[in-house]
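These are my notebook entries on a structure that I went through by chain, by element and by residue. I began with the strands and then worked outward to the contact between the copies.

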Protein chains: 2
Amino acid sequence: MRILVPFEAADPKTRLDVVLDADERDGVARAMLRDVLRACLNAGHDPEVVATAPVEVDDAPVTVDDRPLSAAVNARLGGTAPLGVVVADLALATPEAVDCLVDAAADADVAIAPGRGGGTNGLVIDHRDFRVDFHGASYRDHVAAARDVDADLAVVDSMRLSTDVDEPADIVEVLLHGEGEAAAWLGERFELDAGEGRVGVDRVG
Amino acid sequence: MRILVPFEAADPKTRLDVVLDADERDGVARAMLRDVLRACLNAGHDPEVVATAPVEVDDAPVTVDDRPLSAAVNARLGGTAPLGVVVADLALATPEAVDCLVDAAADADVAIAPGRGGGTNGLVIDHRDFRVDFHGASYRDHVAAARDVDADLAVVDSMRLSTDVDEPADIVEVLLHGEGEAAAWLGERFELDAGEGRVGVDRVG
């Protein structure tokens, strides 16, 4: 399946600025993008980066589209073939998790993978009239949008797909469960801090 | 399958004290317990509450065991039948999610559902020598414990099982994705606050 991977190339991951400087945020964002592409490729799909500025990746085409994310995705919807959309900061993505989303779309017009905190981390769209809006509490908006166009909706239950990396607490999940490049990158710079309650992270050195 | 549901009956959910008083924490903890029991029952399993003090529930036996959680669970391990353990604060638990854990154990000695922040939210144990330790970063400890006793481990990828309700941000997930009693209870008291980034919650009224 063709899977769009939108990528914000300029000043990515701003909410990580309490623990990472601008160059580092750039580095981890690109590592996560490569992890997502690899997960899609290893599941046998055709990922395609839609970036706000040029970015170099192996094994996947890159299209530069400087419109906002939702507009750039919507410009590519409306065709007859199902189209996937997976956000670029899923450092826990695996081929199995990607296929969990793709398989859910077999019996639905739209499959959605909710992100932590009300976002949308993945969609497979097999309906001519469905459009995306990633702004704000997009999970609820996408559920409503599917209803509005009479699209059958499947919701995917995946911890890996729900874990987009936006905030320092998300780094914990990558250190614990990540298997890719971003996990290695973060593992060189952070260590788990296990006290009472949930585990945190500390900068190394 | 027999599934233990350990329940801390006295002063539960202390990390929610910034948004809920003691009576309310008690109320939501019991609502979540009933949601978990219902998910297990509706999946055809036999849940059994192991509580630190008497608690009234319908449709499931309650055993009072005042030992710490891990000791109370370990006292019930070592038999020949597989035994499930599911924490009592999974307000997003569904029969499908419970069966995702149970099914994962079909090809493994131990199946584990990681919780957000390094915890363990569910286990199915089919190995005589495996013991639990829920203290601290228990996910990593359980992975190591399985290796130490040569138990094959299956890790379950479920957003619903990973979402234990400990902190105010977790209430967002219940309002967005919950279908049970705790979701209704919280929905009467909180509303989503969708600004930039992840959605938060506000008290109603």
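**Entry 1, strand 1 of chain A.** I looked up the partners of strand 1 of chain A and found that two bridges join it to strand 4 of chain A, the two strands running parallel. I note here that this is a predicted model. Within this pairing I checked Leu4(A), whose bridge partner in strand 4 of chain A is Val85(A). I then turned to strand 2 (residues 46–51) of chain A, which is joined to strand 1 of chain A by six bridges, also in a parallel arrangement. In that pairing, Pro6(A) stands opposite Val50(A) of strand 2 of chain A. I also recorded how the chain passes between these two strands: strand 1, helix 1 and strand 2 of chain A together make a right-handed β-α-β unit.

Is strand 1 of chain A enclosed by the rest of the structure, or is it open? I found that five of the six residues of strand 1 (residues 2–7) are buried, so I wrote the strand down as largely enclosed by the rest of the structure.

**Entry 2, helix 3 in both chains.** I next asked which residues of helix 3 (residues 95–104) of chain A are buried. The list that I wrote down is Ala97(A), Val98(A), Cys100(A), Leu101(A), Val102(A) and Ala104(A). Among the elements that cover them I noted helix 1 (22–42), strand 4 (83–86) and strand 5 (110–114) of chain A, and the cover also includes strand 6 (120–125), strand 7 (153–155) and helix 5 of chain A.

I repeated the look-up in chain B, where Ala97(B), Val98(B), Cys100(B), Leu101(B), Val102(B) and Ala104(B) of helix 3 are buried. These residues pack against several elements of chain B, including helix 1 (22–42), strand 4 (83–86) and helix 5 (159–162).

**Entry 3, chain A as a whole.** I counted the elements next, and chain A has seven helices and nine strands. Its radius of gyration is 17 Å, close to the 17 Å that the globule rule gives for 205 residues, so I entered chain A as being as compact as a globular protein of that length. The C-alpha atoms of chain A fill a box of roughly 55 × 40 × 30 Å along the principal axes. Of the 205 residues of chain A, 45% count as buried. I also looked at the contacts in chain A with a separation of 6 or more, and 62% of these are between residues 24 or more positions apart.

**Entry 4, the two copies and their contact.** I laid chain A on chain B and noted an RMSD of 0.0 Å, reached by a turn of 180 degrees with a shift of 0.0 Å along the axis. The two copies are thus related as by a two-fold rotation axis.

How many residues does each chain give to the contact? I found 25 residues from chain A and 25 residues from chain B. On the side of chain A that touches chain B, the elements that give two or more residues are helix 4 (138–148), helix 5 (159–162) and helix 6 (168–177). By class, that side of chain A has 10 nonpolar, eight polar and seven charged residues. Because 100% of the interface residues of chain A are also interface residues in chain B, I recorded that the copies meet through the same surface.

**Entry 5, single residues.** I looked up Ile171(B), which is found in helix 6 (residues 168–177) of chain B. Ile171(B) has 25 C-beta neighbours inside 10 Å and therefore counts as buried. Leaving aside its neighbours within four places in sequence, Ile171(B) is in contact with Val165(B), Leu186(B), Phe190(B) and Val201(B).

Ser70(B), in helix 2 (residues 69–74) of chain B, has 15 C-beta neighbours inside 10 Å and therefore counts as partly exposed. With the same sequence neighbours left aside, within four places, Ser70(B) is in contact with Val132(B), Asp133(B), Phe134(B) and His135(B).

Last, I checked two residues that have a positive phi although neither is a glycine: Asp150(A), at about 60 degrees, and Asp59(B), at about 70 degrees. Asp150(A) is in the loop between helix 4 and strand 7 of chain A, and with 10 C-beta neighbours inside 10 Å Asp150(A) counts as exposed. Asp59(B) lies in the loop between strand 2 (46–51) and strand 3 (62–64) of chain B, and Asp59(B) also counts as exposed, with 10 C-beta neighbours inside 10 Å.

Conventions:
Residues numbered from 1 in each chain as written. Chains lettered and ligands numbered in written order. Predicted model: local features only at pLDDT ≥ 70, side-chain atom pairs only at ≥ 80, totals over all residues. Least-squares fit on C-alpha atoms with pLDDT ≥ 70 in both. Contact = placed C-beta atoms within 7 Å. Helix = DSSP H or I, 4+ residues; strand = E, 2+ residues; numbered from the N terminus. Nonpolar A, V, L, I, M, F, W, Y, C, P; charged D, E, K, R; others polar. Rg over C-alpha atoms; globule rule 2.2 N^0.38 Å. Buried ≥ 20, exposed ≤ 12 C-beta atoms within 10 Å, placed from the backbone. Pairing = 2+ DSSP bridges. Right-handed = clockwise from strand over helix to strand, strands pointing away.
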